[in-house]
Amino acid sequence: MRSSFFDRKRRLINRAVYKYEFEEWLELMMNEGLHFQQTRDGYQWYAGAYKISNTSIAERWNVSTSSVRRLSLWILETDY
């Protein structure tokens, strides 16, 4: 179940996601079947066996693509 934090209302400006919210957001994403994998070229997000882009994740969670990139880099830094 998604948190009300990531509501699907359309806005002109997406809400910022802060580092202290990354763990909660990642847990919600994992509950929906998304997983993160480090690759030779960097990283890749998957939904099941299908590759998905940062843009797709950003649209789904109503955040900016830079927030998704920051989350991805945080995962790499912390080995979460």
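This report describes one helix, several buried residues and the aromatic pairs of a predicted model.

## Helix α2 and its buried side

Helix α2 spans residues 54-61, and its buried residues are Asn54, Ile57, Ala58 and Trp61. These residues lie on the same side of α2, because they cover an arc of only 100° around the axis. The general background is that an α-helix has 3.6 residues a turn, so residues three or four places apart point the same way.

Several elements cover the buried residues of α2, including the helices α1 (22-31) and α3 (65-78). The strands β1 (34-39), β2 (42-47) and β3 (50-52) also belong to this cover. Next to buried Trp61 in the numbering is Arg60, whose charged end sits over the ring of Trp61, 5.6 Å from the ring centre.

## Asn62, after the helix

Asn62 follows α2 and is found in the loop between α2 and α3. Its phi is positive, near 60°, although the residue is not glycine. Most residues other than glycine have a negative phi. Asn62 is buried, at a relative accessible area of 12%.

## Glu21, before α1

Glu21 is placed in the segment before α1. With a relative accessible area of 9%, Glu21 counts as buried, because the cut-off for buried is under 20%. The side chain of Glu21 reaches the backbone nitrogen of Tyr18 at a distance of 2.9 Å.

## Ile75 in helix α3

Ile75 is part of helix α3 and is buried, with 6% relative accessible area. Leaving aside residues up to four places away in sequence, Ile75 touches Leu26, Phe36, Trp45 and Tyr80. Ile75 and Gln38 are 37 residues apart along the chain, while 9.5 Å separates their C-alpha atoms.

## Aromatic pairs

The model has 4 aromatic pairs. One of them joins Tyr18 and Tyr20, which are stacked, with 6.0 Å from centre to centre and 0° between the planes. Tyr18 is partly exposed, at 43% relative accessibility, and Tyr20 is exposed, at 67%.

Another pair is formed by Phe36 and Trp45, which meet edge-to-face at 5.1 Å centre to centre, with 70° between the planes. Both Phe36 and Trp45 are buried. Ring pairs also bring in Tyr43, linking Phe36, Tyr43 and Trp45 into a cluster. Two members of this cluster, Phe36 and Trp45, are among the residues that Ile75 touches.

Definitions and conventions: Residues are numbered from 1 along each chain as its sequence is written. This is a predicted model: local features need pLDDT of at least 70, side-chain atom pairs count only at pLDDT 80 or more; totals for chains, interfaces and linings use all residues. Side-chain values use heavy atoms; hydrogens and water are left out. Buried means under 20% relative accessible area, exposed over 50%, partly exposed in between (1.4 Å probe, protein chains only). Helices (H or I, at least four residues) and strands (E, at least two) are DSSP runs, numbered from the N terminus. The arc is that of the directions from the helix axis to the C-beta atoms. Contact means heavy atoms within 4.5 Å. A polar contact is a pair of N or O atoms within 3.5 Å; within protein, one must be able to donate a hydrogen and the other to accept it, and residues adjacent in sequence count only if both atoms are side-chain atoms. Rings of Phe, Tyr and Trp (its six-membered ring) pair if their centres lie within 6.5 Å; planes under 30 degrees apart count as stacked, over 60 as edge-to-face and the rest as tilted. A charge sits over a ring if NZ of Lys or CZ of Arg is within 6 Å of the ring centre and within 35 degrees of the ring normal.
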